[in-house]
Amino acid sequence: MSFHDDESSDIGGMAQSKLENYLFSCELSSKVPFYTFQGDEEEDLEHFLELRTVCLGEGAKEESNVVEVTAMNHQGKTISVPIAHLHINCLPMVSLGEFELKAPVTIRLRSGTGPVTVSGLHLIASEAEESDLSEEDDDEEEEEIIPIKPAKKKQKL
């Protein structure tokens with residue numbers, strides 16, 4: 001499931017949802033080897049983490065740095081998957097595209113001492129309220145196009 005920036009969408013006849021996105025970043029190292037991303041406990045909000053890049057930071061040693069994520073799969077079971085194997089000499093950065101995970105997500109520096117920076121977007125999906133939807137409808141009404149009238153023909157006398 002892919003989300004688009006600040007759009008409301010109607011998916012398969014379900015209730016409309018509103019999406020907000022915020023910049024996300026965390027740094028992993030031997031001192032701080034993991035980060036757990038969790039959303040708020042509000043019932044009507046869903047939190048997603050869209051990972052985009054994993055890169056070695058300044059001062060990284062000549063060693064392998066493996067980063068893995070732990071999250072739930074489609075069956076509700078927790079699984080861990082390596083997402084990047086970085087080395088300063090040959091692969092200092094990996095682009096993940098739009099790798100989306102539903103909260104909670106744990107990002108761990110499985111091996112190496114880092115520093116490794118993981119960045120992306122924190123996506124918050126909520127049901128759009130009727131007032132939000134009516135504002136969008138009002139905008140559409142303001143953009144109404146006035147029809148063009150055909151030119152009048154001159155009559156012969």
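Strands, such as strand 4 in the pocket view below, are DSSP runs of at least two residues in state E, numbered from the N terminus.

**Figure 1. Overview of the predicted model.** The structure shown is a predicted model. The protein contains one helix and nine strands, which follow one another from the N terminus in the order β-β-β-β-β-β-β-β-β-α. The chain has 157 residues, of which 34% count as buried. Among contacts with a separation of 6 or more, 75% are between residues 24 or more positions apart. The protein exposes about 11,400 Å², and carbon and sulfur atoms supply 50% of this area.

**Figure 2. Lining of the second largest pocket.** This pocket holds about 160 Å³ of space. Its lining consists of Gln38, Gly39, Asp40, Glu41, Leu45, Glu46, His47, Lys102, Ala103 and Pro104. Strand 4 (residues 45-56) contributes the largest share, three residues; these are Leu45, Glu46 and His47. By class, the lining comprises three nonpolar, three polar and four charged residues. The charged members are Asp40, Glu41, Glu46 and Lys102, and the nonpolar ones are Leu45, Ala103 and Pro104.

**Figure 3. The cis peptide bond between Ala103 and Pro104.** The bond from Ala103 to Pro104 is cis, with omega near 0°. Pro104 is placed in the loop between strand 7 (93-102) and strand 8. Both residues joined by this bond also belong to the lining of the second largest pocket.

**Figure 4. Surroundings of Thr106 in strand 8.** Thr106 lies in strand 8, which spans residues 105-111. Its relative accessibility is 15%, and Thr106 therefore counts as buried, the cut-off being under 20%. Beyond its neighbours within four places in sequence, Thr106 is in contact with Phe34, Tyr35, Thr36, Glu68, Val69 and Thr70. With one of these residues, Thr36, the side chain of Thr106 makes a polar contact, side chain to side chain, at 3.2 Å. Thr70 is 36 residues away from Thr106 along the chain, yet their C-alpha atoms are separated by 5.0 Å.

**Figure 5. Ser29 in the loop between strand 2 and strand 3.** Strand 2 (17-28) and strand 3 (34-37) are joined by the loop in which Ser29 is found. Ser29 is classed as buried because its relative accessible area is 16%, again under the 20% cut-off. When residues up to four places away in sequence are not counted, Ser29 touches Leu109, Thr113 and Pro115. The C-alpha atoms of Ser29 and Ser111 lie 9.6 Å apart, although 82 residues separate the two in sequence. Of the residues named in this view, Leu109 and Ser111 fall within strand 8 (residues 105-111).

**Figure 6. The cis peptide bond between Gly114 and Pro115.** Gly114 and Pro115 are joined by a cis peptide bond, with omega about 0°. Pro115 occupies a place in the loop between strand 8 and strand 9 (116-127). Pro115 is also one of the residues that Ser29 touches, which links this view to the preceding one.

Key
Residues are numbered from 1 along each chain as its sequence is written. This is a predicted model: local features need pLDDT of at least 70, side-chain atom pairs count only at pLDDT 80 or more; totals for chains, interfaces and linings use all residues. Side-chain values use heavy atoms; hydrogens and water are left out. Helices (H or I, at least four residues) and strands (E, at least two) are DSSP runs, numbered from the N terminus. Buried means under 20% relative accessible area, exposed over 50%, partly exposed in between (1.4 Å probe, protein chains only). Contact means heavy atoms within 4.5 Å. A polar contact is a pair of N or O atoms within 3.5 Å; within protein, one must be able to donate a hydrogen and the other to accept it, and residues adjacent in sequence count only if both atoms are side-chain atoms. On a 1 Å grid over the protein atoms alone, a cavity is a set of points where a 1.4 Å probe fits but cannot get out, and a pocket is an open set with protein on both sides within 12 Å along at least five of seven lines; lining residues have an atom within 4 Å of a point. Grid points are joined across faces, edges and corners, and a volume is the space filled by probe spheres set on the points. Accessible areas come from the Shrake-Rupley method with a 1.4 Å probe; for residues, only the protein chains shown count as cover.
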